[in-house]
Amino acid sequence: MASQIDLLAHPKPNLLKFPDRRSVYWLDELPAESKKNTTTFEMTSRLEQLAQNKQAGHFFENRRSSEWVVSAAALKARPSQRICSLALPREPAEGWQLDRQLLVPWSVAVQTVRASPRICQLAQPKRMKMMSNGFSAESSGHTVTVPTVTPSARLLHLASPKQVHPQHALDRPVSWPIPNHILKTSASERLHLLARPKTRQALFEAYDPYSISPAARAATASPRLLELSLPLPRKCKT
């Protein structure tokens, strides 16, 4: 029995050996019809029964017309007081009022009213006055004084804007002039060698991705590789 390392050493099959191989499921022409290989189907009694149209039931045959005839007794009938009371529309609850209009018209008294001196005094804006010990606001005869507060050294330190780092450099412009010595520079042979693209052989041009080098074929697996290549004991069937 071949070991696991022998199975892993086998090269992969070359699937590109026959690139123009046609699929067995793709036919250029339809196959010729043959009477010998044609399957004939026979209808059973159950299939013939299921193929029949659905018959209309007796209910649809004896159904009355949508235009019913009203009897003479129904034409001469008179409703009772109970039926008349039930036919009346439901009245609204007590205290119910209609919805108020969105734009209520102003009365003539409201349109011709004049503001009193007190209302004119309250409508005046507040006046701010600068005082020696702070600001003073006067409104409606009352004076409110706001004392001045001297900030501490810590507050002044926190309120100072953040300074720019000494080694901070501004963003480099998108376009900058190129020095003359760079424009006159010639590339060395090493640069020309590094600038050449790596040559690769295209597919189907003497390029076999599944080829194994002779050194890999003559390699001998170490005891550690043989140990790692063994399957797990719990997966081995005894």
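This is a short working chat about side-chain contacts and surface features in a predicted model.

Student: What should I keep in mind about the model?
Tutor: It is predicted, so local features need pLDDT of at least 70 and side-chain atom pairs pLDDT 80 or more, while totals for chains, interfaces and linings use all residues. Residues are numbered from 1 along each chain as its sequence is written, and side-chain values use heavy atoms, with hydrogens and water left out.

Student: How many salt bridges are there?
Tutor: The count is 1 salt bridge, where a side-chain nitrogen of Lys or Arg must be within 4 Å of a carboxyl oxygen of Asp or Glu.

Student: Which residues form the salt bridge?
Tutor: Arg224 and Glu227, with the closest N and O atoms 3.4 Å apart. They are separated by about one helical turn because they sit 3 residues apart in helix H12 (residues 223-229). Helices are DSSP runs (H or I, at least four residues), numbered from the N terminus.

Student: Is Arg224 buried or exposed?
Tutor: Arg224 is partly exposed, at 49% relative accessibility. Buried means under 20% relative accessible area, exposed over 50%, and partly exposed in between (1.4 Å probe, protein chains only).

Student: Different topic: how many disulfides?
Tutor: The whole structure has 0 disulfides, a disulfide being a pair of cysteine sulfur atoms within 2.5 Å. Cys84 is partly exposed at 40% relative accessible area, and Cys120 is partly exposed at 38% relative accessibility.

Student: What lies over the face of Trp176?
Tutor: Arg172, at 3.7 Å from the ring centre. The rule asks for NZ of Lys or CZ of Arg within 6 Å of the ring centre and within 35 degrees of the ring normal.

Conventions: Helix = DSSP H or I, 4+ residues; strand = E, 2+ residues; numbered from the N terminus.
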